[in-house]
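Biologist: I am new to this one and would like to know how the descriptions are arrived at. Could we go through it together?

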Amino acid sequence: MQDQNVHVIDHPLVQHKLSLMRNKEASTNSFRRLLNELSTLMAYEVTRDVPMQEVEIETPLETTRTKVIDGKKLVFVSILRAGGGILDGMLNVVPGARVGHIGLYRDPKTLMAVEYYFKMPQHMADRDVIVVDPMLATGNSAIAAVERLKELGPRSIKFVCLLTCPEGVAAMQKAHPDVPIYTAAIDRELNEHGYILPGLGDAGDRIFGTK
Ligand code: URA
């Protein structure tokens with residue numbers, strides 16, 4: 001599946017690291033480090049088209065016009081708790097980004113997203129937002145997060161995950177066709193428990209070493 005609003009980042013380094021992360025034998029330490037590295041690489045692709053503006057600066061030798069990122073600082077919005085793994089990697093390359101958090105948990109029976117926390121930087125209407133969550137599975141959390149963010153009217157919204165599946169992509173595109181999805185892979189399917197197959201298991205548990 002590849003359409004204009006779904007970007008599969010198939011860079012060899014991204015794919016290699018993802019394969020290592022899928023392995024159930026990967027330790028918490030390796031998993032976390034690989035996610036950090038992979039997210040840094042993804043940030044590079046995801047920010048490829050952020051608007052630029054020309055400014056005048058003085059080098060030690062002369063005055064020149066050069067480009068910088070336009071407007072207010074980007075906002076990374078992490079969906080708690082697993083989003084933190086991607087957030088850290090992205091901040092490696094955009095250290096000045098502002099950070100928002102949305103706390104959502106999946107009701108284990110209905111698989112629907114329930115919000116328990118929402119904290120965003122000021123001036124969201126002037127900002128470009130990148131929402132991060134490692135697994136776009138049913139899409140319920142991502143859809144709810146983007147719905148909440150749209151109430152603040154940001155300049156743009158993108159969604160970044162590590163893995164998704166056809167069901168997750170379809171649900172997200174139906175609810176938010178204007179929000180591009182960036183992912184390292186689109187796996188085969190979602191199982192009846194809301195897990196991606198073949199997937200990598202529970203991303204939060206693997207990042208934090210919980211079970
Ligand atoms: N969340 C996860 O952590 N893993 C999945 O496979 C699906 C949702």
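Modeller: Here is a short conversation about the sheet, its helices and the ligand shell, all in a predicted model.

Biologist: What makes strand β9 (residues 156–160) largely enclosed?

Modeller: A residue is called buried if 20 or more other C-beta atoms lie within 10 Å of its own. Four of the five residues of β9 meet that mark, so the strand is largely enclosed by the rest of the structure.

Biologist: How do you know that β9 pairs with strand β7 (residues 128–132)?

Modeller: Pairing asks for at least two bridges between two strands. Five bridges link β7 with β9, so by that definition they pair, and they run parallel. Among the partners, Ile130 goes with Lys158, and Val132 goes with Val160.

Biologist: What about strand β11 (residues 181–183): why is it called a partner of β9?

Modeller: Here there are two bridges, and the definition asks for at least two, so β11 and β9 pair as well. They too are parallel, with Val160 standing opposite Tyr182 of β11.

Biologist: Which order do the strands of the sheet follow?

Modeller: The seven strands are arranged β1-β11-β9-β7-β4-β5-β6, in an open sheet with mixed pairing. At the edges stand β1 (6–8) and β6 (113–119); each has a single partner strand, so one side of each lacks a neighbour in the sheet. From one strand to the next, the twist averages 20°.

Biologist: How do you know that helix α3 (residues 83–93) packs on that sheet?

Modeller: Contact is counted when C-beta atoms of two residues lie within 7 Å. Helix α3 touches β4 (75–80), β5 (98–106), β7 and β9, and its direction makes about 155° with that of β4. Helix α4 (residues 140–150) lies across β4, β5, β6, β7 and β9, at about 135° to β5.

Biologist: And what makes a residue part of the shell around the ligand?

Modeller: Its C-beta atom, placed from the backbone, has to lie within 6 Å of the ligand. The residues around the ligand include Met135, Ala137, Tyr195, Ile196 and Asp202. The shell divides into five nonpolar, three polar and one charged.

Biologist: Which stretch does UniProt list as a domain?

Modeller: Its unreviewed entry gives residues 8–210 as "domain: Phosphoribosyltransferase". In the model, that span is 33% helix and 30% strand, with its end C-alpha atoms 29 Å apart.

Definitions and conventions. Residues numbered from 1 in each chain as written. Predicted model: local features only at pLDDT ≥ 70, side-chain atom pairs only at ≥ 80, totals over all residues. UniProt positions renumbered as here; feature names shortened; annotations may be inferred. Nonpolar A, V, L, I, M, F, W, Y, C, P; charged D, E, K, R; others polar. Buried ≥ 20, exposed ≤ 12 C-beta atoms within 10 Å, placed from the backbone. Axes fitted to C-alpha atoms, helices over the stretch in contact; angles between N-to-C directions.
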